[in-house]
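Welcome, and please open the model in your viewer. Keep the selection panel handy, and we will go from stop to stop together.

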Amino acid sequence: MDTVPLSPQDSAMDTLHTAGIRFAEALQAGPPWLENFWISVTSLADPKSIFTVFFPLAYFLDCKVGVSVLWIGLVSEWLNVVLKWFLFGERPYWWVHESGLASKELLTLRQFPLSCETGPGSPSGHCMVTGAALWPLVSALTALASRHCRSRAVKLVPFGTYTLLMLAVGLSRIFILAHFPHQVVSGLLAGAALGWGLEPRTPVARTRGFFVATALALLLGTLALHSLVLAASIDIDWSVRVATKRCSNPAWLRLDTRPFASICRDAGSALGLGLAAGLPLHPGGQRLDPRQRVAGAVLALGAVQALHRLLQPRNITLWYCTTFLKYAAGPRLVASLLPRLILTLVAPRGSPHTE
């Protein structure tokens with residue numbers, strides 16, 4: 001039987017993928033202590049951390065910055081899902097087998113519990129979403145440093161830290177075989193562009209109806225797009241099947257890496273911003289002082305983490321529904337309930353705080 005020759009585009013992509021595999025091999029051949037470092041970095045930069053870690057911290061630093069972090073996070077993650085559906089990006093941990101490279105050569109590559117993501121690979125969501133959502137936080141810290149210090153070096157610390165963090169995130173994704181280098185680069189560039197472009201357009205003063213409409217648009221629009229693509233005989237769920245086939249440990253396959261898990265997270269968070277709309281960081285006219293803000297940030301981290309550990313149904317539909325509700329509850333918890341609780345427990349009775 002005659003073999004079908006590869007098109008120039010396929011040949012170029014195979015060359016690019018093979019080069020990426022060589023780079024991943026070189027990273028995995030590094031010092032053993034780096035393994036824990038790369039895994040820790042990729043865990044920290046998971047897009048979920050934008051909603052459960054960076055948003056609560058940023059909100060108690062400055063409520064507008066917190067809203068911006070969450071808004072940019074949910075918009076960029078939704079865009080990332082749509083791009084992945086149409087770019088059909090491979091992931092290294094399955095491509096080495098699907099391409100036949102693993103049967104032709106002896107590859108010293110390992111999978112990790114975080115390797116087996118089930119969505120398509122291009123562009124990197126960790127790089128794109130985290131890079132975009134952290135941009136307003138970096139901008140706020142740079143402005144803060146500029147107000148309190150004249151040293152140019154100190155002013156550059158936030159952006160320098162951001163650059164090093166995102167570089168480490170990209171390398172960590174290659175190390176665990178979740179992404180090829182070109183997917184990381186495209187994610188980094190898209191994330192920086194989205195962060196820069198969306199930060200001044202954050203809908204801080206929008207009404208509750210705007211956020212509710214946004215949540216519905218994200219959810220229903222995605223379902224409609226998914227149905228239309230399937231009706232056009234385009235298989236956009238292929239990556240789940242390949243991931244299930246090629247992951248070396250089925251226990252490493254997680255529902256929260258599926259594209260619709262991201263959509264539930266984004267739509268839920270948009271609804272949560274609507275529930276929290278008009279509920280500022282100083283309820284009842286009182287403002288949290290720096291000590292109370294620190295206490296609020298710590299409480300928010302603990303409360304949000306506890307919220308997301310509740311109710312983990314095995315039924316997929318129920319899991320998606322509970323995920324949506326949890327992310328809808330998060331902004332209301334952080335923006336209203338916790339500030340009120342802190343003022344009740346800490347503030348002297350009858351003595352309003354001022355900043």
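This tour of a predicted model begins with confidence and then visits cysteines, aromatic rings, a histidine and a helix.

**Stop 1: colour by pLDDT**

The mean pLDDT of the protein is 89, with 92% of its residues at 70 or more. Now select residues 1-6, where the pLDDT is below 50; apart from near neighbours in sequence, this stretch has two contacts in the model. Next, try residues 350-355: pLDDT stays under 50 here too, and the model has 11 contacts beyond four places in sequence for them. Where pLDDT is low, the predicted coordinates should not be read in detail.

**Stop 2: the disulfide**

Which cysteine is linked to Cys116 by a disulfide? Select Cys247 and show its side chain: the sulfur atoms of Cys116 and Cys247 are 2.1 Å apart. The structure holds one disulfide, and the torsion about its S-S bond is about 90°, so it is right-handed. This pair links distant parts of the chain, with Cys116 in the loop between α6 and α7 and Cys247 in the loop between α13 (238-246) and α14 (259-276), 131 residues apart.

Both Cys116 and Cys247 are buried; for Cys116 the relative accessibility is 0%. Expand your selection around Cys116 and, leaving aside neighbours within four places in sequence, you will find contacts that include Tyr93, Gln111, Ser248 and Trp252. If you like a distance label, draw one from the C-alpha of Cys116 to that of Arg241: they are separated by 12 Å, although their positions lie 125 residues apart along the chain.

Two further cysteines deserve a click. Cys149 is partly exposed, with a relative accessible area of 24%. Cys264 is in no disulfide, and the nearest cysteine sulfur, that of Cys321, is 7.2 Å away. With 9% relative accessibility, Cys264 counts as buried.

**Stop 3: aromatic pairs**

The count of aromatic pairs comes to 18. One of them is Trp71 with Phe211, an edge-to-face pair at 6.0 Å centre to centre and 80° between the planes. Trp71 sits in helix α4 (residues 63-87) and Phe211 in helix α12, so the pair ties together parts that are 140 residues apart in sequence. Trp71 counts as buried at 10% relative accessibility, and Phe211 does at 3%.

Move on to Trp135 and Tyr162, whose ring centres are 5.7 Å apart with planes at 90°, so this pair is edge-to-face. Trp135 belongs to helix α8 (residues 135-148) and Tyr162 to helix α10 (residues 157-175), 27 residues apart. Both Trp135 and Tyr162 are buried. Before leaving the rings, select Phe37, Trp38, Phe112 and Phe175 together, as they form one aromatic cluster.

**Stop 4: His226**

Go to helix α12 (residues 208-231), where His226 has its place. Is His226 buried or exposed? It counts as buried, at 11% relative accessibility. Beyond four places in sequence, His226 is in contact with Trp85, Ile236, Asp237 and Phe260.

**Stop 5: helix α15**

Finally, select residues 290-309: helix α15 has 20 residues and reaches 29 Å from its first C-alpha to its last, close to the 28 Å expected at 1.5 Å a residue. Its buried residues are Gln292, Arg293, Gly296, Ala297, Ala300, Val304, Leu307 and His308. They cover an arc of only 140° around the axis, which puts them on the same side of α15. Turn the view to the other side of α15 to see Arg291, Val294, Val298 and Arg309, which are exposed. Just after α15, Leu311 takes a positive phi of about 50°.

Note on methods: Residues are numbered from 1 along each chain as its sequence is written. Side-chain values use heavy atoms; hydrogens and water are left out. Helices (H or I, at least four residues) and strands (E, at least two) are DSSP runs, numbered from the N terminus. The expected span of a helix is 1.5 Å times one less than its number of residues. Buried means under 20% relative accessible area, exposed over 50%, partly exposed in between (1.4 Å probe, protein chains only). The arc is that of the directions from the helix axis to the C-beta atoms. pLDDT is the predictor's confidence in each residue, from 0 to 100. Contact means heavy atoms within 4.5 Å. A disulfide is a pair of cysteine sulfur atoms within 2.5 Å. Rings of Phe, Tyr and Trp (its six-membered ring) pair if their centres lie within 6.5 Å; planes under 30 degrees apart count as stacked, over 60 as edge-to-face and the rest as tilted.
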